[in-house]
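The following paragraphs lead through a predicted model. The account begins at the ligand, turns to a pair of helices and ends with a sheet.

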Amino acid sequence: MKASQFFVSTLKEAPADAEVVSHKLMMRAGMIKRIGAGIYNYMPMGLRVIRKVEAIIREEMTRAGAVELLMPVVQPAELWQETGRFDKMGPELMRVKDRHGRDFIIQPTSEEVMTDIARQELRSYKQLPKNFYHIQTKFRDERRPRFGVMRGREFTMKDAYSFDRDVAAATVSYQGMYAAYQRIFDRFGLQYRAVAADTGAIGGEISHEFQVIADTGEDAIVYCPTSDYAANIELAEGVALATERAAAAQALTKTATPGKSTCEEVAALLALPLAQTVKSLVLATDELNDKGEIIKSTVWLLLLRGDHDLNEVKAGKVDGLKAGFRFATVGEIEDHFGCKPGYLGPINLIKPVKVIADRTVAMMSDFVCGANQVDYHFTGANWGRDLPEPDLIADLRNVVVGDPSPDGKGVLAIQRGIEVGHVFLLGTKYSADMKATFLDENGKPQLMVMGCYGIGVTRILGAAIEQSHDERGIIWPDAIAPFSVVVCPIGMDRSEEVKAAAHKLHDDLQALGIDVLLDDRGERPGAMFADWELIGVPHRVVISDRGLKEGQVEYQGRRDAEASKLALVDVLAHLK
Ligand code: ATP
Ligand code: MG
Ligand code: MG
Ligand code: MG
């Protein structure tokens, strides 16, 4: 490939809305271009990386016995109504109507359509096991799309679905996918960890996330350095506290009265101290009419830090959600919202509130909470990952670092990760809702046992960059770099020798199947090198008149501190 024929478009500065390094570098390297919140063009340089990620996934899925198909992006609502997810899923599910007023969704995942295919096509035990996958555009109307492709609204996912005759067979399929994921992430050249995870909204029985290790990750991972134990902190904390808190939540649901229960009562029910030390709480405020009926309920997630003044929040000087957290007093809330603070509940306490000494750390993960009125529920109240403030992370660390590991083989440590893959053993949740059965040896219909397995194709790019970059730019692992080698000729317009040597090296490398790019744009060396360091090409070969006279080129690996001389005749062997 010649740079003059390709498309290279780099920026000196990242746009102001790019918060994390991967987003900044992808924008600067011309890999993506924003057209709306969480919606990006994948530009030629970025698309090359995506295609390499996809190619590795395809090879390993095929090796693991999965079969590729392609399901539509726009899916009829009827299938989603069969499982109830059309109504249950909340605003992340993008619902659209066609010209006849019929409901459709833009797929955030494809369990329903896949199960529909399976119930029609897989009729006999002889056809099982089967594992279908596709690599397809997804849309999730994320509450806070951010970090570029890491949390987009439109993104690409590889999702696979396995169908088995019983739980034992489904467990084998699950283990096969787990192993395939290990091969995939090994091949990407990323440092990652498979962690036990919560099954969350997808449901199911067993689940693991594949987390790329990065300090900027939204997830916290609890692991034991001296054993195999590793879990998402949500799960680790959930197991420890779920029982205790579930009881509190139930009590709350029973006794909180719309428009009557005060925050004090709520706090008491949750067994939280209502004082400066209570640092966060979800609150509902009701506006009542003369008859005492609720006319409007609003749910507020108050996350204020002790050193923040509520007046500043009111004046819009501080974003309450970003500011940290402190619980406001009843008077402050009344003052701020112009109505009496109401009650909290009924809440679906999926994740517990954790009390540590005099601090309260709320592990709110996709909470559903709100007023006792259908339309006023607030879903996705989410603290842990929306406020990855260093001090909060430190708080979380204190919680478990050094605690004994549940497997008894050491003590716990914490690190941060980016969820790039997720495998679930679903069981019969979807097959039961959609009556997906097969006939067993005795001609009896049995429910298929399912698994589902996702990889965030486009998120991988962001995760890889978070893990591997320096002040000059991206450092791609070889396997997913847009180009493996860049040949940089110096003074090609002046020197026929340089031109001929550069083209020959390009052609020879290409003939070896190496993904090489010849930078024939005629840029000055400084600008040329800066571009390729920013873009993150792992290997650079510089050809100049001076070097050629000695039969040499300059070689520099992207991680090398400086260039080294290499005999021209050795370059191919060196890069092979
Ligand atoms: P998260 O916890 O980050 O919201 P999720 O648990 O909702 O992710 P899954 O339903 O498990 O995501 O989807 C499978 C994979 O799709 C995830 O492991 C992740 O790599 C990717 N993914 C999910 N949401 C997004 C998004 N908004 N942008 C990019 N990739 C995503
Ligand atoms: Mg999500
Ligand atoms: Mg998740
Ligand atoms: Mg997940």
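The shell around ligand 1 consists of 15 residues, of which Phe155, His422, Gly454, Gly456 and Arg459 are the closest. Four elements each give two or more residues to this shell: the strands β8 (154-164), β19 (413-427) and β22 (449-456), and the helix α14 (457-467). Which of them provides the largest share? That element is β19, with 4 residues. Sorted by class, the surroundings of ligand 1 comprise 7 polar, 5 charged and 3 nonpolar residues.

Helix α14 also leads away from the ligand, to a contact with another helix. Helix α1, residues 21-28, packs with α14 at an angle of about 110 degrees, and the two axes are 8 Å apart. Angles of 65 to 115 degrees count as roughly perpendicular, and α1 and α14 are therefore described as roughly perpendicular to each other. On the α1 side, the contact is made by Val21, Ser22, His23, Leu25 and Met26; on the α14 side, Leu461, Gly462, Ile465 and Glu466 meet them. By class, this contact of α1 with α14 has 5 nonpolar, 3 polar and 1 charged residues.

The remaining elements belong to a sheet and a helix that lies across part of it. The sheet is open and has 5 strands in the order β26-β25-β27-β28-β29, with mixed pairing. Because β26 (516-518) and β29 stand at the edges with a single partner strand each, one side of each is left without a neighbour in the sheet. From one strand to the next, the twist averages 30 degrees.

The pairing can be followed from the β26 edge. Strand β25 (residues 485-489) runs parallel to β26, and 3 bridges join the two. Within this pair, Val487 has Leu518 of β26 as its bridge partner. Further along, strand β27 (residues 539-543) and strand β28 (residues 552-557) run antiparallel and are joined by 4 bridges; here Val542 stands opposite Glu554 in β28. At the other edge, β28 pairs with strand β29 (residues 564-567), again in the antiparallel sense and over 4 bridges. Gln552 has Ala567 in β29 as its bridge partner. β28 and β29 form a hairpin, with 6 residues between them.

Which strands does helix α15 lie across? This helix, residues 496-511, lies across β25, β26 and β27, and it runs at about 170 degrees to β25.

Conventions: Residues numbered from 1 in each chain as written. Chains lettered and ligands numbered in written order. Predicted model: local features only at pLDDT ≥ 70, side-chain atom pairs only at ≥ 80, totals over all residues. Near = placed C-beta within 6 Å. Nonpolar A, V, L, I, M, F, W, Y, C, P; charged D, E, K, R; others polar. Axes fitted to C-alpha atoms, helices over the stretch in contact; angles between N-to-C directions. Parallel < 35°, antiparallel > 145°, perpendicular 65-115°, else oblique. Contact = placed C-beta atoms within 7 Å. Pairing = 2+ DSSP bridges.
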